[in-house]
Amino acid sequence: MTSSARPLLNRRLAEFGTTIFAEMSALALRTGSINLGQGFPDTDGPEEIREAAVRALRDGRGNQYPPGPGVPELRTAIAAHQRRRYGLSLDPDTEVLVTAGATEAIAAALLALLEPGDEVIALEPYYDSYAACVAMAGATRVPVTLRPREGRFRLDLDELRDAVTDRTRLLLINTPHNPTGTVLTCEELSAVAALAVERDLLVVTDEVYEHLVFDDAVHVPLATFPGMRERTVTISSAGKTFSFTGWKVGWVTGTPALVTAVRSAKQFLTYVSAGPFQYAVAEALALPEAYFDAFRADHQRKRDLLGDGLRAAGFEVHRPRGTYFITTDITPFGEKDAHAFCRALPERCGVVAVPNSVFYDDPEAGRSQVRFTFCKKDDVLHEAANRLQRLAS
Ligand SMILES: *Cc1c(COP(=O)(O)O)cnc(C)c1O
């Protein structure tokens, strides 16, 4: 028996009905629009990596429960990647944990490290799972807003400092940042690190776009800053880097104590996942530098292609230095409400985008921002740009 007076969805999750992606993808389907809302590539990752997955399946590697921390081949490849790229040395046996995508890594980290009543500072606009996971952990999110100024979305370090209270347990950082496309600078990151050390805070850092940085931007993991190794849980994933978002292979790196804590939650969420894909991702991480260079150059070109189209259509374009996304502003059209704009856009132009306003606690802060993804084939981006020109006339 359920009491009719009591809602089925619990209080912690009540504010998170359905994600904006479900709403907008359904709209795309219904109107036959080009979907530049959700960020997933329309071209699969490298053929040889797909073959590696097939080989693993055929050879019976990973068809049964893989080891809890992940298969040794993948943990070793993750450690080698962190050493090669960032000079971070990790013990693959105690400092690496494979997860069901970055999504599970985020959930497990927050569920493991937070007590009810703890405060978590997250950069706003934030990736939608952050707020839900903080809520599931019974903690409270405290947003610090990234604001566009002089060509990029910036972190206001005074605002960040002022947001820390005696109840703050953890800083939840994302760089390169979805949805704004900002890449935190060394100066911003060292201030975050200094604050974390000074106030003895844990840091969870979502770096799934580590290989998607453009122009002169450089991705520097927070774990490389002084005093950070021992307090930082670093999260990344194969989905974005290798264009296999359906494989759901992610990972956590950190000290043995942090990884053990995250694993305590992870083992009761999925236990293990993606057996054969883990072997394939181990091979992907060992791809030659040429793969990563071409991947980055290709996406930078796509960013410019869509960015030019959006500018020509009349949007204000915030040029991203990383990720799959361009955040625009619709104020030049004399419009203010991004959600209404996105609901009407399929009828007006046959293109779907998402309103950034749903990624803010402060509804005013992102009210006129609309996000488009450019991780699509060139002809799709050209066609979308053409359709959007209707807004200009
Ligand atoms: C896509 C994305 C994720 C989810 O990664 P999965 O590996 O697909 O679970 C996490 N964080 C951010 C910022 C993302 O954009």
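In this predicted model, A122 sits across from L172 in β7. That pair belongs to a parallel match between strand β3 (residues 119-124) and β7, held over four bridges. Helix α5 (residues 128-136) packs on this sheet, where its contacts take in β3, β4, β7 and β8, and its direction makes about 150° with that of β4.

Stepping back to the whole sheet, seven strands line up as β2-β10-β9-β8-β7-β3-β4, in an open arrangement with mixed pairing. Since β2 (96-99) and β4 (140-145) each have a single partner strand, they stand at the edges, so one side of each is left without a neighbour in the sheet. From one strand to the next, the twist averages 20°. Another helix, α9 (residues 256-266), lies across β2, β8, β9 (232-237) and β10 (250-253), and runs at about 25° to β2. As for how such pairing works in general, strands of a sheet are joined through backbone hydrogen bonds, in either a parallel or an antiparallel sense.

There is a second sheet further along the chain. Here four strands follow the order β11-β12-β15-β14, again as an open sheet, but with antiparallel pairing. At its edges are β11 (316-318) and β14 (354-355), each of which pairs on one side only. Strand β12 (residues 325-329) and strand β15 (residues 369-373) run antiparallel and are joined by five bridges. Within this pair of strands, T327 is found opposite R371 in β15. This sheet has a helix packed on it as well: α11 (residues 289-313) touches β11, β12 and β15, and its direction makes about 15° with that of β12.

Then there is the ligand. Its shell is made up of 13 residues, and the closest are T103, D206, Y209, S237 and K240. By character, the shell splits into five nonpolar, five polar and three charged residues. Helix α4 (residues 101-113) supplies the largest share, four residues. Several side chains come up against ligand oxygens. For T103, a side-chain N or O atom is 2.6 Å from an oxygen atom of the ligand, and for S237 a polar side-chain atom lies 2.6 Å from a ligand oxygen. In the case of Y209, the distance between a side-chain N or O atom and an oxygen atom of the ligand is 2.7 Å. On its own the ligand would expose 390 Å², of which the protein buries 94%.

A few backbone oddities round out the picture. Most residues other than glycine have a negative phi, and most peptide bonds are trans. The bond between T175 and P176 is cis, with omega at about -15°, and P176 is placed in the loop between β7 (168-174) and α7 (186-198). The peptide bond joining N178 and P179 is cis too, with an omega of about 10°. P179 likewise falls in the loop between β7 and α7. On the other side of α7, in the loop that leads from α7 to β8 (202-206), comes D200. Although D200 is not a glycine, its phi is positive, at about 55°.

How values were computed:
Residues are numbered from 1 along each chain as its sequence is written. This is a predicted model: local features need pLDDT of at least 70, side-chain atom pairs count only at pLDDT 80 or more; totals for chains, interfaces and linings use all residues. Side-chain values use heavy atoms; hydrogens and water are left out. A residue is near a molecule or strand if one of its heavy atoms lies within 4 Å of it. A polar contact is a pair of N or O atoms within 3.5 Å; within protein, one must be able to donate a hydrogen and the other to accept it, and residues adjacent in sequence count only if both atoms are side-chain atoms. Accessible areas come from the Shrake-Rupley method with a 1.4 Å probe; for residues, only the protein chains shown count as cover. Helices (H or I, at least four residues) and strands (E, at least two) are DSSP runs, numbered from the N terminus. Ala, Val, Leu, Ile, Met, Phe, Trp, Tyr, Cys and Pro count as nonpolar, Asp, Glu, Lys and Arg as charged, and the others, Gly among them, as polar. Two strands pair if DSSP finds at least two bridges between them. Contact means heavy atoms within 4.5 Å. Axes are lines fitted to C-alpha atoms, for helices over the stretch in contact, and angles run from 0 to 180 degrees between N-to-C directions.
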